[in-house]
Amino acid sequence: NNGCICCTVRGDLIKGLKSIHKRTRGDGQKLDGIIIETTGLADPAPVAQTFFADDYIQARMMLDGIITVVDAKHFLQHVREEKPEGVENETVEQIAFADRILVNKVDLVTEEILSEVEAEIRNVNKVAPIFRTQDSKIDLSEIIGTRSFSLDKVLELDGEFLRDDQEHMHDNSVTSVGIECEGECQLESLNAWFATLLKEKGVDIFRMKGVLNVKNSENRFVFQGIHMIFAGQPQSAWAAGEPRLNKLVFIGRNLDRDELVSGFKSNLASA
């Protein structure tokens with residue numbers, strides 16, 4: 001309803017689940033399962049509550065488990081962050097409610113850091129299995145079809161989990177900025193802009209990703225980044241007649257929309 005999946009327990013999420021179930025049932029297809037991927041800033045409790053808050057959903061679907069992916073490179077700074085009074089630390093919430101935990105990007109940190117990360121995880125969640133991964137590669141049987149979600153365990157964490165009038169507060173300093181525009185990016189100028197942006201603002205940029213139209217290239221340029229880590233490469237070709245739009249999303253703290261928009265557009269080639 002408002003762009004936050006963990007605020008949609010009575011809205012879009014229920015409608016979406018019902019639509020998927022009715023459509024597949026009407027087509028005579030067997031629905032194996034539904035994977036819901038929230039943003040990195042979502043509180044998992046309201047999302048999980050959806051499966052118990054609606055009679056139609058509860059009668060036809062089962063919550064198999066909650067999987068949390070931990071960024072080993074940046075986890076410690078977020079789990080130890082002090083939030084304003086009354087504001088949840090979503091990192092802690094995601095660890096607490098997890099039934100399976102993937103500690104990812106193990107190739108970017110030392111064994112000492114990994115041990116520290118796992119110790120912090122165990123301070124919050126003492127029972128969920130922990131898997132160390134690189135590029136999130138794992139045998140799917142370890143995380144899907146596990147029937148690991150336990151309502152009793154969740155009620156121990158949150159005695160009011162099944163109440164339908166709960167509210168939660170997000171950190172208002174964390175926002176998102178979306179950019180969509182036409183034009184061709186000058187790759188050399190764009191690379192310099194990204195380098196400067198991450199050097200100056202990388203600590204506050206939690207996530208960024210996008211698809212770009214690069215000058216003299218017939219392929220989309222797809223990029224993503226987390227804090228100061230950036231990766232991008234050409235991917236599939238633009239289809240004939242397809243609008244070659246640049247689409248970017250930034251998620252972070254104290255983002256300046258005007259500065260990001262003007263900074264990006266300064267890298268577009270003149271018409």
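Select α9 in this predicted model: the helix lies across β4, β5 and β8, and α9 runs at about 30° to β4.

Next, show the sheet underneath. Its 5 strands follow the order β4-β8-β5-β6-β7, forming an open sheet with antiparallel pairing. Go to the edges, β4 and β7 (229-237): each has a single partner strand, so one side of each is left without a neighbour in the sheet. Averaged over the sheet and with direction ignored, neighbouring strands are turned by 10° against each other.

Now pick β5 and β8. This antiparallel pair is joined over 6 bridges. Within the pair, Gly210 stands opposite Leu248 of β8.

Add α8. This helix packs on the sheet and touches β5, β6, β7 and β8. The direction of α8 makes about 170° with that of β5.

Then turn to side chains. The largest nonpolar core has 21 residues, of which Phe194, Leu212, Phe250 and Phe264 touch the most other members. Elements giving two or more residues to this core are β4 (174-181), α8 (187-201), β5 (205-213), β6 (219-226), β8 (246-253) and α9 (257-265). The largest share, 5 residues, comes from α8.

Which residues does Leu212 touch? Leaving aside residues up to four places away in sequence, select Cys185, Leu190, Phe194, Asn219, Arg220, Phe221, Phe223, Trp238, Asn246, Leu248 and Phe264. Leu248 is the residue already seen opposite Gly210.

Last stop: select Ile95, Val103, Val109 and Ile121, which are among the 15 residues of a second, separate core.

Notes. Residues numbered from 1 in each chain as written. Predicted model: local features only at pLDDT ≥ 70, side-chain atom pairs only at ≥ 80, totals over all residues. Heavy atoms only, no water. Core = buried A, V, L, I, M, F, W, Y, C linked by side-chain atoms within 4.5 Å. Buried < 20%, exposed > 50% of the residue type's maximum accessible area, 1.4 Å probe, protein only. Helix = DSSP H or I, 4+ residues; strand = E, 2+ residues; numbered from the N terminus. Contact = heavy atoms within 4.5 Å. Pairing = 2+ DSSP bridges. Axes fitted to C-alpha atoms, helices over the stretch in contact; angles between N-to-C directions.
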